[in-house]
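Biologist: I'm new to this one, so could you take me slowly through a single part of it? I'd like a close look at how the sheets are put together and what packs on them.

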Amino acid sequence: MQTALGLAKKGMHTAKPNPRVGCVVVSENKIVGQGWHRQTGAAHAETIALSEAGDKAKDSTVYSTLEPCTHFGQTPPCVEALIAAAVGKVVYAMEDPNPVVSGQSRKILESAEIEVISGVLSQESKDLNIGFHKRMQYGLPYIRTKIAASIDGKTALLNGESQWISSKQSRDDVQLWRARSCALVTSIDTVIADDPSLNVRINDFSDIDQPTRVILDSQLRMRGDYKILKSPGDVIVYSLQQVHNDPIFEGMIETTDERDGHVSLESVFRDLANKEINEVMFECGGILNGALLKQNFIDEIIIYLAPCILGNQANNMFSLPAISAMSERYNFNLIQVDRTGDDIRVILRKANLV
């Protein structure tokens, strides 16, 4: 299963919006076939692995990181391929999180007298597909926010200057998080202040796989000369206004519900989920991060802490109302701590997540 998970990771940047899936076929303690799902519409991991195994798939054990599919989509059901290959056993890491199909493959395979085992390295598979899992179960994408901050928790000087708090190694690491995301989101305030490109800058990264860039712009202050509009990939501007006088924005603007004078974050997330967006990463300032936190939308926080101090007049990571009791604090689980260049990377995750 570890080998299958390693194969699944090859689809980290390309499989979206489908789950990242790997599969190996084992016969007489040897891997005789392996495969991974590359992109939507391409063959599934099980089909590729069975094809490579050929006749050796008979009576074999098949390890898949996700419950084999049972329905016709752009490709035939994998359970039919497994039955046709006359495999002896199927081991999968986790059930399909789609409640409509979850658990159905076990019934079909067992009725064909194929042994089924599930739950092997299930958490590792969930982590690999955490956005797909959340979208299937809750109709919302997985929300992470990336923050670069000084050791005293400041993200920018009072005048807005923030480049560069973090090290080059940290900024390179951010590119990997961007690459696995389906959408990168920021606010119009960040666009105006920093004019970011908000795209993936990794050698040989395909323009086809660029995440959708999303700007939250309630009053439609966007201009056509910002960098965020000029890179390959889709752009969505969520606003309370319907029409922009610059024709460059035709087809980009989507109106959404209002909350407290701003676009409704929940409406935005529901719409992104409907667009099959699994993982969303925010790169924004303290005001939007504060709103996300206050409304309980943040699933994961990635903080790059730099060994510098900016002082109490600099901008905070989260702009929030004062808390009067410790019971009102926002709690997260500490998942990982690493060093990136001169910085410390801290990953926090909401408690009781998928």
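Modeller: Let's start with an open sheet of five strands, ordered 2-1-3-4-5, where the pairing is mixed. Keep in mind that this is a predicted model. At the edges sit strand 2 (30–36) and strand 5 (115–118), each of which pairs on one side only. Neighbouring strands here are turned against each other by 15° on average, ignoring direction.

Zoom in on one end of that order: strand 4 (residues 89–92) and strand 5 run parallel and are joined by four bridges. One residue pair to look for is Lys89 with its bridge partner in strand 5, Glu115. As a general point, strands in a sheet pair through backbone hydrogen bonds, and they can do so parallel or antiparallel.

Now for the helices on this sheet. Helix 2 (residues 45–53) packs on it and touches strand 1 (22–27), strand 2 and strand 3 (61–64). The direction of helix 2 makes about 140° with that of strand 2. Helix 4 (residues 104–111) packs on the sheet as well, touching strand 4 and strand 5, and its direction makes about 155° with that of strand 5.

Further along the chain you'll find an open sheet of nine strands, in the order 11-10-9-8-14-6-15-18-17, again with mixed pairing. Its edge strands are strand 11 (253–255) and strand 17 (332–340), and each of these pairs on one side only. From one strand to the next, the twist averages 25°.

Within this sheet, strand 8 (residues 183–187) and strand 9 (residues 212–216) run parallel, with five bridges joining them. Thr186, for example, has Ile215 in strand 9 as its bridge partner.

Two helices are worth finding here. Helix 6 (residues 130–138) lies across strand 6 (142–150), strand 14 (279–282) and strand 18, at about 135° to strand 6. Helix 7 (residues 168–180) packs on the sheet and touches strand 6, strand 8, strand 14, strand 15 (300–306), strand 17 and strand 18. The direction of helix 7 makes about 165° with that of strand 15.

Last stop: strand 18 (residues 343–350), home to Ile344. Is Ile344 buried or exposed? Somewhere in between: Ile344 counts as partly exposed because its relative accessibility is 37%, and that label covers the range between under 20% for buried and over 50% for exposed. Together with Leu334 and Val337, Ile344 forms a nonpolar surface patch, and the three share about 270 Å² of accessible area.

How values were computed
Residues numbered from 1 in each chain as written. Predicted model: local features only at pLDDT ≥ 70, side-chain atom pairs only at ≥ 80, totals over all residues. Heavy atoms only, no water. Patch = residues over 30% accessible without salt bridge, like charges linked within 9 Å, V, L, I, M, F, W, Y side chains within 5 Å. Areas by Shrake-Rupley, 256 points an atom, 1.4 Å probe, with all protein chains shown as cover. Salt bridge = Lys/Arg side-chain N within 4 Å of Asp/Glu carboxyl O. Buried < 20%, exposed > 50% of the residue type's maximum accessible area, 1.4 Å probe, protein only. Pairing = 2+ DSSP bridges. Axes fitted to C-alpha atoms, helices over the stretch in contact; angles between N-to-C directions. Contact = heavy atoms within 4.5 Å.
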